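Biologist: Please take a close look at one loop for me, and then go through the helices, cores and other parts one by one. I would like the reasons along with the values.

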Amino acid sequence: MNKQFQSSNWYQGTTLNERIASLHKVSDSNFNDEVNRELAQAFSAPYAYNSDNLPPLEALKGQEISLFLYVIEPLIGQGCNRLHQGINNLKQNYSSLPFDLQTITDILLVNLLENLLTMSSRTIALEVQVARLQNRLQGDTPQQRFYSFFQQLRQPEKLVSLLEEYPVLARQLIICIEQWVTVSLEFLQHLCQDWENIKTTFSSDKNPGNLVAIQAGAGDTHKGGHSVIVAYFSSGFKLVYKPRSLAIDVHFQEILTWINQKGYKAPFKTVKILNCNSHGWVEFIAPQTCTCEEEIRRFYERQGGYLALLYALEAIDFHYENLIAAGEHPVLIDLECLFHPRISEPDSNKLELLVNNIFNRSVLRIGLLPQRIWSNSDYDGIDLSGLGAKQGQLLPSRALSWAGIGTDDMHLAREQIRMSAKNHRPTLNGAEVNVLDYAQAISTGFTQVYQLLLHNRDDLLAEDGLLTCFEKQEVRVLLRPTRLYASLLAESFHPDLLRDALKRDQFFDRLWLGVEPKPDVAQVIRAECEDLWQGDVPMFTTRPYSRDLFTSSGKQIANFFDESGMTLARNRLQQLSKNDLALQTNSFN
């Protein structure tokens with residue numbers, strides 16, 4: 001199918017001039033001018049209706065919903081054309097490219113096509129049901145009738161009618177494709193310009209070969225569709241690309257090296273990083289099993305050591321997805337939330353405020369220690385922590401799943417699913433181990449690093465100490481759980497919300513719920529909605545020395561926090577003591 005996207009015969013045949021005016025009329029209230037132009041250019045070009053362009057029904061094998069991609073070929077092709085232009089520019093600027101010009105579009109398309117189907121599949125399933133009830137489908141079997149829906153939709157007039165009914169969906173498709181072009185070209189540009197440094201830093205003894213695959217969306221998307229990308233090369237070499245400065249990550253490795261040099265008995269593994277200021281590259285860490293009991297013990301000693309260090313650096317968000325168990329070495333793979341400021345809750349009652357203060361000033365805040373959340377009389381809860389999360393836990397919310405796939409009765413159902421979480425926990429020759437058996441190892445590692453920080457805190461706090469390096473680097477601020485944003489974004493593609501932008505806006509107004517205890521959060525709701533409309537998880541940042549908050553677009557909200565993250569970390573280091581060590585150790589023993 002991807003080769004069709006690169007062909008030149010999509011637009012042969014009759015034009016849609018008589019429908020473009022109608023499309024403009026419908027979309028003016030929901031689209032900006034740029035989106036209007038994109039739609040007009042795609043569907044006013046010569047276009048042929050040819051049902052033979054659809055793959056045979058028997059060849060789809062459970063992927064029938066992907067027929068929608070053939071229907072919106074003009075939009076995808078428009079994006080591919082811009083991608084090709086950008087790649088040609090790279091070809092002019094670089095004598096050697098670390099990818100094959102014949103395959104790079106297919107490599108990059110995979111992620112785009114998945115996103116387009118995720119956005120549109122619920123609407124398509126609904127429209128198939130409507131067509132079935134109205135007896136507009138042909139065929140003797142449910143599968144044939146499903147297929148006939150796309151044969152009809154392949155007609156330009158039918159497709160434009162669909163976009164007229166769901167103008168918000170049309171807008172989101174345009175935004176998604178435009179972001180894909182921009183992010184893809186940016187990634188390739190950085191890969192080309194950094195290639196020699198990449199080889200020197202990460203693969204000096206072996207040529208990595210050409211790029212053969214990418215896994216985009218390895219994390220949440222932010223700031224116009226940017227996300228972590230795992231790049232795979234023909235030699236087997238793998239590399240992680242992050243579309244942000246990695247200065248924080250570099251300085252964290254420096255602290256780990258400093259701790260190792262101070263004589264920590266279970267030295268931390270450091271990770272190779274190439275920071276390019278606007279972006280960076282990180283060594284790919286693969287999960288590995290341990291081969292003996294001693295390696296398991298050292299793994300948990302290091303976890304305890306990490307716990308003490310993260311406690312000193314006022315870190316949060318170290319759940320199971322931000323940790324890789326590489327043999328006896330736990331490796332933290334997301335360091336955005338160091339020096340995290342606290343959000344005041346002036347309207348909380350005294351008891352709640354006391355509990356929150358105790359929690360926010362303890363090692364429990366980090367997210368690494370086992371914690372059961374969301375438990376109630378009907379649900380046992382779940383543990384998402386870096387130490388405690390287990391494979392197979394039932395998630396609290398029911399996920400969407402398809403029933404009747406590829407038939408004219410295709411519809412969505414909701415079912416409770418089990419969590420996939422396995423790369424963060426150590427194994428012994430592939431077998432699971434019980435973290436509770438290693439509580440003493442965790443305590444030992446925590447105590448050793450805590451005392452090391454206590455004895456050397458003057459070096460850390462000095463004007464030229466290691467903490468100073470962090471002060472002006474960007475760190476992320478989590479004002480709400482990321483899962484809340486992800487859930488809102490997923491549910492916002494319900495067909496009822498894709499007919500009218502106002503209804504989708506009203507749906508996003510759920511962000512106002514629960515704001516009363518945290519009135520400062522009300523200041524950012526507009527920015528949250530803007531990010532969600534771009535298909536992104538809302539992103540907020542600050543700098544460790546600053547009390548200001550910044551939105552993803554760079555808007556500054558002055559004095560949002562009572563204290564900066566660096567002030568909190570310096571105070572924490574000053575308050576390290578034997579009594580505090582005992583208090584924190586008792587909280588997890």
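Modeller: Helices, of at least four residues, and strands, of at least two, are DSSP runs numbered from the N terminus. The model is predicted. With those terms set, the loop to begin with is the one between strand E17 (556-557) and helix H18 (565-575), where Asn559 lies. Asn559 is not a glycine, yet its phi is positive, about 55°. Most residues other than glycine have a negative phi. Is Asn559 buried, partly exposed or exposed? Its relative accessible area is 47%, so Asn559 is partly exposed, given that exposed means over 50% and buried means under 20%.

Phe339 can be set beside it. Phe339 also is not a glycine and has a positive phi, of about 50°. It sits in the loop between strand E7 (329-332) and helix H12 (350-360). Phe339 has a relative accessibility of 0% and so counts as buried.

A further loop residue is Pro396, placed between strand E9 (382-383) and strand E10 (399-403). With a relative accessible area of 34%, Pro396 is partly exposed. Its C-alpha is separated by 9.4 Å from that of Arg418, which is 22 residues away along the chain.

Positive phi values also turn up after two helices. The first to describe is H10 (residues 247-261), whose 15 residues should span 21 Å at 1.5 Å a residue; the end C-alpha atoms are 21 Å apart, so the two values agree. Buried residues in H10 include Ile248, Phe252, Leu256 and Trp258. Polar or charged side chains are on that list too, among them Asp249, His251 and Gln253. After H10 comes Gly263, with a positive phi near 100°.

Helix H11 (residues 293-312) has 20 residues and reaches 29 Å from its first C-alpha to its last, close to the expected 28 Å. Because 16 of its 20 residues are buried, H11 is largely enclosed by the rest of the structure. Glu314 follows H11 and has a positive phi, near 55°.

The nonpolar cores come next. The largest has 99 residues, and Phe68, Ile76, Phe99 and Trp281 are those with the most contacts inside it. Helix H9 (residues 167-202) gives the largest share of this core, 17 residues. Another core, of 56 residues, lies apart from it and has Ile248, Phe299, Tyr311 and Ala325 among its members. Ile248 is also one of the buried residues of H10.

As for pockets, the second largest has a volume of about 320 Å³. It is lined by 18 residues, of which Pro370, Leu387, Gly388, Val435 and Leu436 are the closest to its centre. Helix H13 (439-455) and helix H19 (578-588) are the elements that give two or more residues to this lining. By type, the lining residues of the second largest pocket are 9 nonpolar, 5 polar and 4 charged.

Last, the cysteines. How many disulfides does the structure hold? There are 0 disulfides. For Cys292, the closest cysteine sulfur is that of Cys290, at 7.4 Å, which is too far for a bond, since a disulfide needs sulfur atoms within 2.5 Å. Cys292 is partly exposed, with a relative accessible area of 30%, and Cys469 counts as partly exposed at 31% relative accessibility.

Note on methods. Residues numbered from 1 in each chain as written. Predicted model: local features only at pLDDT ≥ 70, side-chain atom pairs only at ≥ 80, totals over all residues. Heavy atoms only, no water. Buried < 20%, exposed > 50% of the residue type's maximum accessible area, 1.4 Å probe, protein only. Expected span 1.5 Å × (residues − 1). 1 Å grid on protein atoms, 1.4 Å probe; cavity = no way out; pocket = protein on both sides within 12 Å on 5 of 7 lines; lining within 4 Å. Points joined across faces, edges and corners; volume = space filled by probe spheres on them. Nonpolar A, V, L, I, M, F, W, Y, C, P; charged D, E, K, R; others polar. Core = buried A, V, L, I, M, F, W, Y, C linked by side-chain atoms within 4.5 Å.
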